[in-house]
Amino acid sequence: MCGIVGTTGMINGVDIVLEGLTRLEYRGYDSAGLSVRNPDGSLQVHRREGKIEHLKNLIEQKKPVSSVVIGHTRWATHGVVNEQNAHPHGNDLFSIVHNGIIENAYEIKQELMNEGIVFQSDTDSEVFLQLLTLYFKQTQNIVKSIAKSFERVKGNSAFVIMSKMDEHLYAIKHGAPLVCGESAQGQLYVSSDPYALTGLTQNLIFPENSVIAHLNSDEQKISFYELNSKLSKRYKVEDKLDHQDVVSKGEFEHFMLKEIHEQPLLVQQFCHRWTEPEKRVIEQSSDLPHLFIFGCGTAWHAGLSIKNFIEKKTELRCSVELASEFRYRQPKLRKNDIAIFISQSGETADTLASAQLCREEGIQTLSIVNVKGSTLYRTCDQNYLIQAGPEIGVASTKAFTMQVLTGYWLSENLIQNKSLKSGIKPVEVLAQRIQELLGRSQEIQKIAEEVYSKKSFIFTGRGDYFPIALEGALKLKEIAYVHAEGYAAGELKHGPIALIDSEVVNIAIIAPELMDKTLSNAVEVKSRKGVIFTVGDEKQAVQMKEFSDYFLGLNFEGLAELAPLYVNVALQIFSYYVAKIKGTDIDKPRNLAKSVTVE
Ligand code: F6R
């Protein structure tokens, strides 16, 4: 989280940085700021609490001009959301921006304060600025001072540094994303995200951990140094992203709505890509590996759906792990086990840490990931790109669908097996069915208008629909700021049923499978005056309408085990309209960020 953009070269970089920050605003929008360097070397910081729009208004008034600029959009970790804690942090000598967390900030801060250093903010980031300033006063050498400061701080971080001494930029990272790039004209760039550099650079250069990138505008090139100041070769160069990857909302009011509507086409394109691999990940053998699937939030829900496919279609044993928990248990991994990491961004800190752990254990690692070139993509032995295109809405929609579909394909092609295969046909049906469902958005909107003001929403499902109940609840709570929970339908009577009254809506997913049992669970809620919104099989409409306050009839025919994805789209639309009626910030819900790069 937090977005960083910097540039140095021949041209005024202010607009470039503002445009880059705008692209990265989904990473955090608590505050935004930028620093410029005046021709006399003095550094000027412009910052505003809130969204980039506020910073843009300030820049419009002040009209700073500079060929060297760094900018930041913040998702607050240490220090409340205000202007004082906004980045960049600076003094006469340096201005810095930071993404990540300095875990030992408190102790370093105490040490520096004991030496009489006065802090201007409550952030951990300022600790790096103060260390840098201190070491520069001792060494008069920027690269050495960065190295010394960096060696002191613990945790996953990326820093970009501007100085009074030259028009260059410096950057360094550990465990947080950082990318540099050069344009054909010699303009140099650095960012926390390749997306900010789209269309600007002819290449993307990814420095490895603890490598100092030196963006030297005099020589119009970027050099890399180890912490001992020796030239480094520890970086990877990749192709630039294309222009068309920069996206707009088009005709839609929100990115989330646009992304929901992109799903039929994406699913259809998935059909065209469907081929059988020449070689399977697992050669049939007597000693089958255990699969560990990792993810966070929505990606974890995708993992739960994928586990169901794998268990149905293969003989493999499989568990789904919350990436943020796994490392703190005592997991028993064996050499031939396989770890699958699911992530839209490929930058989620907890997922990356689990991937690192698995690599250290010598386990084969695969990713199901959206962003090509992301840290996860570069970490894993094998990658399956979900090809959902850029997802800008903070609440994940199309990425979930494509993650699950990719897992569906993988479950059929991971291992040479004789078990159940459903193949491509249900995928084709899914594309059509989602398209039809989008045409019924108004029907769903009407239900949202009826129930939006209720105090609580409990989503229930069984079997393959349990992950969808979890995902439906997550979507509603994150964009509509309303209490929502996902429950396995059969678990309600073990506690949550105590919550039920006329202010609670039960969104009951009642699919043809396990229908009788799931239906009884909904009736139990109705008997306690709960409001029932059933999303169920249209063939059973008469029976379901008897106990439902609202009913959305769906056609499950021909979808086989992909039907949960179809139901999920109905829940995405529902959440979208509840949030719209409530007037929340749908694409950038409060307190959230698109890439969670802190643990
Ligand atoms: C919810 C959502 C989050 C992400 C989670 C993991 O709508 O988007 O729960 O799924 O933060 O992010 P990625 O997939 O980027 O690893």
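In this predicted model, an oxygen atom of the ligand sits 3.4 Å from a polar backbone atom of Val394. Ser396 also offers its backbone: one of its N or O atoms there is 2.9 Å from a ligand oxygen. With Glu478 the side chain does the job, as an N or O atom in it comes to 2.5 Å from an oxygen atom of the ligand. Glu478 is also listed among the closest of the 15 residues that surround the ligand, together with Ser343, Gln344, Ser345 and Thr348.

Glu478 falls within helix H15, which covers residues 466-480, so a look at how H15 packs comes next. Its partner here is helix H18 (residues 563-582), and the two axes are 9 Å apart at an angle of about 15 degrees. Because angles under 35 degrees count as roughly parallel, H15 is roughly parallel to H18. The crossing of this pair is right-handed. On the H15 side, the contact draws on Ile468, Glu471, Gly472, Lys475, Leu476, Ile479 and Ala480. H18 answers with Pro564, Val567, Asn568, Leu571, Phe574, Ser575, Tyr576, Val578, Ala579 and Lys582. Sorted by class, the contact of H15 with H18 holds eleven nonpolar residues, plus three polar and three charged ones.

Helices H7 (residues 263-273) and H12 (residues 398-413) make another pair, packing at about 20 degrees with 10 Å between their axes. That angle makes H7 roughly parallel to H12. Here, too, there is a handedness to report: H7 and H12 cross in a right-handed sense. From H7, the residues involved are Gln263, Leu266, Val267, Phe270 and Arg273, and they meet Lys398, Thr401, Met402, Leu405, Thr406 and Trp409 of H12. The class tally for the contact of H7 with H12 comes to six nonpolar, three polar and two charged residues.

Toward the start of the numbering, helix H1 (residues 14-23) packs with helix H2 (residues 52-62) at an angle of about 165 degrees, and their axes are 10 Å apart. Since angles over 145 degrees count as roughly antiparallel, H1 is roughly antiparallel to H2. The crossing of H1 and H2 is left-handed. Val14, Leu18, Leu21 and Thr22 make up the H1 side of the contact, with Ile52, Leu55, Lys56 and Ile59 on the H2 side. In terms of class, that gives six nonpolar residues, one polar and one charged for the contact of H1 with H2.

Two backbone details in loops round out the picture. Going from His87 to Pro88, the peptide bond is cis, with omega near -5 degrees. Pro88 belongs to the loop between strand S4 (68-74) and strand S5 (89-90). The other detail concerns Gln140, which has a positive phi of about 55 degrees although it is not a glycine. Gln140 lies in the loop that links helix H4 (125-139) with helix H5 (142-152).

Notes:
Residues numbered from 1 in each chain as written. Predicted model: local features only at pLDDT ≥ 70, side-chain atom pairs only at ≥ 80, totals over all residues. Heavy atoms only, no water. Axes fitted to C-alpha atoms, helices over the stretch in contact; angles between N-to-C directions. Helix = DSSP H or I, 4+ residues; strand = E, 2+ residues; numbered from the N terminus. Parallel < 35°, antiparallel > 145°, perpendicular 65-115°, else oblique. Left-handed = near helix turned anticlockwise from the far one by under 90°. Contact = heavy atoms within 4.5 Å. Nonpolar A, V, L, I, M, F, W, Y, C, P; charged D, E, K, R; others polar. Near = heavy atom within 4 Å. Polar contact = N/O pair within 3.5 Å; in protein donor to acceptor, adjacent residues only side chain to side chain.
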